[in-house]
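Q: I am new to this structure and should be grateful for a close look at one part of it. Please take one pairing of strands and follow its contacts outward.

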Amino acid sequence: MQATDTGRAVYWGTGRRKCSVARVRLVPGTGKLTINGKEGDLYLQYNMGYLAAAKAPLDTLGLENEYDILVSVKGGGLTGQAESIRLGVARALCELSPDNRKPLKTEGYLTRDPRATERKKYGLRKARKAPQYSKR
């Protein structure tokens, strides 16, 4: 959905990964990443892998210095949050222009990763770890 935020075009995208959900807004700007009101590198604990993952769709299209990324993210850990931000940014870029879909799809940024934590089963210590077996 394209909306205007004080006269500027705003593009929305939602990303999910594991237990985290990220609501992403792309606003014309200078390439600043803001997550839950904090700077992106501070929120992601200066982990360059997480920062690169979050900004990867913009880098693919060469728009890294043209849009600010404003994110509201909840749930999960930093890995899940960074990857959910990546999916949200990619979806917002598809909303910006339908021509962006093909390069993002070939990079795999528009595919939602379905893997999640498997539930613990009764009689086991974890999802698959069984108690130690002793013959006698």
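**A hairpin and its contacts**

A: In this predicted model, Y11 stands opposite L26, a residue of strand 3. The two facing residues belong to an antiparallel pairing, in which strand 2 (residues 8-17) and strand 3 (residues 20-28) are joined over seven bridges. Together the strands make a hairpin with two residues between them. In the turn, K18 has a positive phi of about 55 degrees. C19 is exposed, since its relative accessible area of 62% lies over the 50% cut-off.

R8 also has its place in strand 2. Its relative accessibility is 36%, so R8 counts as partly exposed. From R8 to V27 the C-alpha distance is 7.1 Å, although 19 residues separate the two in sequence.

R17, likewise in strand 2, leads away from the hairpin. This residue forms a salt bridge with D113, and the closest N and O atoms are 3.3 Å apart. D113 lies in the segment after helix 4 (101-107), so the bridge ties strand 2 to a part of the chain 96 residues away in sequence. R17 is buried, because its relative accessible area of 7% falls under the 20% limit. D113 has a further partner in R115, with closest N and O atoms 2.8 Å apart. R115 is exposed, at a relative accessible area of 55%.

The segment after helix 4 holds another salt bridge, in which the side chains of E118 and R128 meet at 3.1 Å, N to O. Both residues lie in that segment, 10 residues apart. E118 is partly exposed at 39% relative accessible area, whereas R128 is exposed at 67%. Salt bridges that share partners join R17, E83, D113 and R115 into one network. The count of salt bridges comes to five.

Strand 3 leads in another direction, toward the nonpolar core. The largest such core has 27 residues, of which I35, I69 and V71 touch the most other members. Strand 3 is one of the elements that give two or more residues to this core, along with strand 4 (33-35), helix 2, strand 6 (67-74) and helix 3 (78-96). Helix 3 gives the most, with seven residues. In soluble globular proteins, nonpolar side chains tend to be buried together.

A nonpolar patch also occurs on the surface, where L42, Y46 and M48 have about 350 Å² of accessible area together. Y46 sits in the loop between helix 1 (40-43) and helix 2 (48-61), and Y46 is exposed at 52%.

Conventions: Residues are numbered from 1 along each chain as its sequence is written. This is a predicted model: local features need pLDDT of at least 70, side-chain atom pairs count only at pLDDT 80 or more; totals for chains, interfaces and linings use all residues. Side-chain values use heavy atoms; hydrogens and water are left out. Two strands pair if DSSP finds at least two bridges between them. Helices (H or I, at least four residues) and strands (E, at least two) are DSSP runs, numbered from the N terminus. Buried means under 20% relative accessible area, exposed over 50%, partly exposed in between (1.4 Å probe, protein chains only). Patches are made of residues with over 30% relative accessible area and no salt bridge: like charges are joined within 9 Å, nonpolar side chains (Val, Leu, Ile, Met, Phe, Trp, Tyr) within 5 Å. Accessible areas come from the Shrake-Rupley method with a 1.4 Å probe; for residues, only the protein chains shown count as cover. A salt bridge is a side-chain nitrogen of Lys or Arg within 4 Å of a carboxyl oxygen of Asp or Glu. A nonpolar core is a set of buried Ala, Val, Leu, Ile, Met, Phe, Trp, Tyr and Cys residues joined through side-chain atoms within 4.5 Å.
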